[in-house]
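Got the viewer open and ready? Let's take a short walk, one selection at a time.

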Amino acid sequence: MHSNRILQVESITKDYGTGDHKTTALKGISFDVLEGEFLGIMGASGSGKTTLLNCIATMTKPTSGNIMLNHQNISSFKGGALADYRGKEIGYLFQEFELLDNLTARENIILPLSLHGMTGKQGEQKLRELANHFDIVSVLNKFPSQMSGGQKQRVAAARALIGDPSIVLADEPTGALDSKNARILMDKLSAIHKEQHKTIIMVTHDANVASFCSRILFIQDGCLFHELRRNIRTETTDNFYERIVTVVAQLGGGSANVL
Amino acid sequence: MFFKQIRRNASKSRKDNGLLFGSLIIAIVAFYTLLSLESQDVMRFLKTIESGAVSKLMLIIPLVYVISLFFVFFLVYFAYRYQMDNRKKEFGLYLMMGMKQSRLFAMLMGETIWNSVVSILIGLPIALLLTEGISLTTAQLVGIGIIGHRISLSIPALLGTVIGFIIVQIAAMMFLCFQFGRKELMQLMQTDSPDKQFIATKKGWISFILGLLFLITAYGIGILMLKSFDLRVVTLIFVFGGAGTFLLYRGMGSFLGRQIRKKGPSQSGLFTFTGRQIQENILHQHKELAIASLLLLMALSCISFGIGIASGRGAENTRSVDFSIEGSEQDISAFLNSTENDALIAASYPMFLDQLDTDTHTFSWGLDAALSAQPKTDLRDTIIKNFDQQSEYPYIISQTSYNNLLQSINKESIQLKERQIALYTSFRNSLDFVDTLSGAISAGAYVKIDNKSYELLPSLYDENIVADRKITLYSAMIVSDEDYRNWAKNSSEPFSWNVLLSKDSVQKNGLMQEIQSMENCLKAAGLSYESYISGIGRNLFYTVAASYLTIYLGVLFMLIANTVIGLKFLMYQRTNKRRYLTLLTLGAGIDDLCSSSQKQIRLFFTLVVGVASCSAFFAIWSMFTSFLKLPAGMGIHRVILLAGIGFFLFLFIQLIYINIVERASRREILALNITDRR
């Protein structure tokens with residue numbers, strides 16, 4: 001392997017509640033993510049995939065285990081280091097876009113830079129590149145309420161990328177989009193991944209969307225359950241999609257049918 | 001179980017809405033203070049001397065109370081609507097689980113009544129203590145003394161406060177229950193999306209500029225035209241001022257938007273976010289802001305008016321005579337010389353005052369030339385006209401009488417030389433009149449009696465020559481005793497006998513007590529008299545009535561305005577909680593968010609307080625240059641000092657509110673801490 005390991009997840013567990021009310025959402029998951037990888041995480045509702053993503057995003061703390069990004073243990077981050085990590089090292093793409101609806105698209109995209117002491121003027125060049133790439137130049141001065149869902153999510157994607165993060169985390173980014181807009185977004189994200197070798201981790205339960213990934217982890221009941229790797233050179237998206245659908249179907253039928 | 005839930009919910013809503021709960025307690029205190037006015041020492045005292053006026057005031061008080069209940073109703077309605085909006089989903093769930101609407105209604109009513117009872121239990125003891133304090137202090141200040149103090153607990157006021165407060169609470173809740181009862185279950189279960197931002201348009205700018213122009217017009221009309229106190233002028237001021245304020249707030253969003261667009265790109269941190277938050281807040285809540293700003297303006301104007309009247313009246317009377325007694329010389333001398341009264345009396349003398357006998361003497365004023373040399377004003381022309389008309393029956397005062405008066409109050413006597421006369425007026429409170437007249441006589445004026453010219457002394461004399469209002473003199477002449485005997489219609493009988501009470505006994509027992517005991521003696525002797533106390537009574541009555549009511553209304557308006565602004569902000573922050581969460585995910589620190597919200601709160605309050613203060617400045621200016629004349633002896637620096645202290649206090653109260661809102665907002669942001677919350 002010539003690529004570096006950018007993210008190492010080491011036997012993380014996550015419990016909610018205590019005593020009799022304890023629920024274990026993650027039961028000791030370990031995996032590595034290589035630099036430039038487009039990793040998908042799939043699983044049924046309640047399988048723990050969003051909890052896993054939120055642990056990586058430092059939105060929740062794992063009960064045990066370590067998460068290392070660029071060989072730094074992010075579980076130990078606090079205060080300023082935590083805020084820095086969130087803004088600089090990771091970009092987050094939400095299912096519901098989470099644009100601030102009282103800021104224009106331009107102001108929304110610039111926000112992560114502003115939060116880390118840069119001005120809008122300094123980020124102008126990068127903003128223009130991203131706006132061109134995501135085809136949102138025409139809406140830069142508009143407020144979210146004046147945009148379509150697709151435009152909103154592309155603005156959110158530009159916001160996630162403006163700080164040039166080491167890793168982009170996406171939680172069901174197409175969940176609130178129609179199929180056409182979902183396709184446009186995935187094409188754009190995939191292009192970013194290919195051209196800039198950006199590392200992306202995406203949670204989804206849509207096999208179509210997942211087929212853009214280079215590797216997919218399947219989670220069931222808080223455990224890593226299966227892994228699919230796409231052969232980039234030989235395998236088309238359609239073929240990969242077929243394979244994903246098969247696993248998803250087997251997942252639905254229980255572990256007895258798989259492998 | 002049901003009651004336990006009611007108690008739990010009620011205590012939670014008190015905790016969540018400390019600001020409203022606190023304001024309601026203050027409202028209770030204010031209500032009781034107003035309603036118990038009748039049982040205050042000062043009012044009980046005034047009743048004995050000005051019973052007619054006091055009973056008229058007591059008729060107005062219920063009306064003022066109803067008006068204030070009406071305002072408080074809106075505050076309560078508005079605050080409860082906000083609370084219910086927050087709990088909409090909870091109500092939806094109760095109904096989904098099969099709770100009957102009537103039971104839900106009973107639960108909400110139960111909570112309201114429970115909260116009202118808690119507020120009353122906290123508010124009333126504070127109110128009782130406060131009114132007791134006010135009663136004692138004012139009594140002490142005006143010298144009724146502690147002897148006359150009675151506990152001012154008033155059962156009717158207590159009942160009035162409790163009933164009024166509970167009715168307002170229940171009425172507001174019933175209105176809301178009715179509104180919510182008509183909503184579909186699905187509407188209750190949905191969470192409201194925050195208001196959508198819309199781009200500032202040209203309309204906003206037009207509004208903003210028009211608002212500014214209207215306000216400037218209102219200020220101008222106030223200062224230049226309010227003097228005439230024409231109803232049309234007042235209406236114009238209200239229309240322009242009100243419309244201007246509304247338009248200004250309506251367009252303010254556009255103005256802020258422009259600033260953000262201009263400055264935003266070169267700023268880092270949460271500058272743009274903070275600006276946009278305020279802009280959005282103003283865009284969506286411009287009506288409430290305008291109302292709050294107008295309420296604050298009313299509060300400032302009412303309080304200034306009240307303080308103006310109170311301090312003005314206080315300075316009006318300088319005490320020169322305590323009693324003016326009428327009767328035969330024999331009776332009066334007998335009374336004054338009796339040993340039991342001796343200790344009470346410091347000075348007594350006859351006041352010789354009469355009309356000049358124009359049947360046997362010719363008389364004319366020689367003031368026209370000197371008055372005409374004064375700056376031309378309407379007043380000057382009126383004075384000239386009045387003096388012309390008054391040459392028919394001019395009044396004269398004997399020099400010794402007036403000197404007796406001056407001596408009794410330790411002032412220098414008048415020394416009249418031959419062919420000299422001093423000018424007197426009892427209109428000392430009309431500053432402009434006194435100024436013009438003093439200017440004229442110091443420039444050299446004279447009178448002609450029997451074709452002989454008499455020089456007027458260059459200073460004007462204005463001590464009150466009777467105890468109260470037995471006589472008021474536009475003008476009179478203080479003449480030598482010899483001249484008095486020659487010119488007066490009846491020079492042998494004094495106008496009245498003046499008595500000044502002994503300083504020692506006044507200091508020992510208080511002026512009021514002493515006057516009252518002297519009055520009893522006079523009544524017993526069957527003499528008719530007037531006393532300084534009636535003047536004090538009248539003044540006190542105006543002071544208490546006008547200042548008490550206006551300050552009460554002012555405080556209430558301020559309370560409502562601040563609570564509305566504070567609640568509006570917190571409501572807005574709560575509806576936009578997600579934004580703060582997003583910012584945390586994007587890497588903003590908790591401290592950044594708190595400081596942004598702090599800036600928002602400060603700017604939000606400043607925008608309301610700023611416009612209100614600016615308008616209040618012009619309103620107070622207009623008031624003091626028109627119907628609220630500055631009393632004599634009150635220098636402009638004293639007014640500025642008073643206004644300064646008043647405004648400082650106002651700002652201090654605003655700071656307290658800002659601090660309360662900041663704490664509440666900070667608490668909410670800290671509770672958002674992203675880790676393990678999403």
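Start by selecting A:L39 and A:R215: the second is the bridge partner of the first, and A:R215 sits in β9 of chain A. Keep in mind as you look around that this is a predicted model.

Now widen the selection to residues 38-43 and 215-220 of chain A. These are strands β3 and β9, which run parallel and are joined by 5 bridges. Zoom out and you'll see that they belong to an open sheet of 6 strands with mixed pairing, in the order β6-β7-β8-β3-β9-β10. At the edges, each pairing on one side only, are β6 (90-93) and β10 (223-229) of chain A. From one strand to the next, the twist averages 20°.

Next, go back to A:R215 and add A:E37, A:E227 and A:R229: a network of salt bridges links these four. Over all chains, the whole structure has 18 salt bridges.

Still in chain A, pick A:R183 and A:D187, whose side chains meet in a salt bridge at 3.8 Å, N to O. They are about one turn of the helix apart, because 4 residues separate them in α6 (179-196).

Then try A:K22 with A:D15, another salt bridge, its closest N and O atoms 3.8 Å apart. A:K22 is partly exposed at 48% relative accessibility, and A:D15 is partly exposed too, at 22%.

Last stop, chain B: select B:K411 and B:E463. Their salt bridge measures 2.4 Å, N to O, and it links distant parts of the chain, 52 residues apart. Which of the two is buried? B:E463 is, at 9% relative accessible area, while B:K411 is partly exposed at 41%.

Notes:
Residues numbered from 1 in each chain as written. Chains lettered and ligands numbered in written order. Predicted model: local features only at pLDDT ≥ 70, side-chain atom pairs only at ≥ 80, totals over all residues. Heavy atoms only, no water. Pairing = 2+ DSSP bridges. Helix = DSSP H or I, 4+ residues; strand = E, 2+ residues; numbered from the N terminus. Axes fitted to C-alpha atoms, helices over the stretch in contact; angles between N-to-C directions. Buried < 20%, exposed > 50% of the residue type's maximum accessible area, 1.4 Å probe, protein only.
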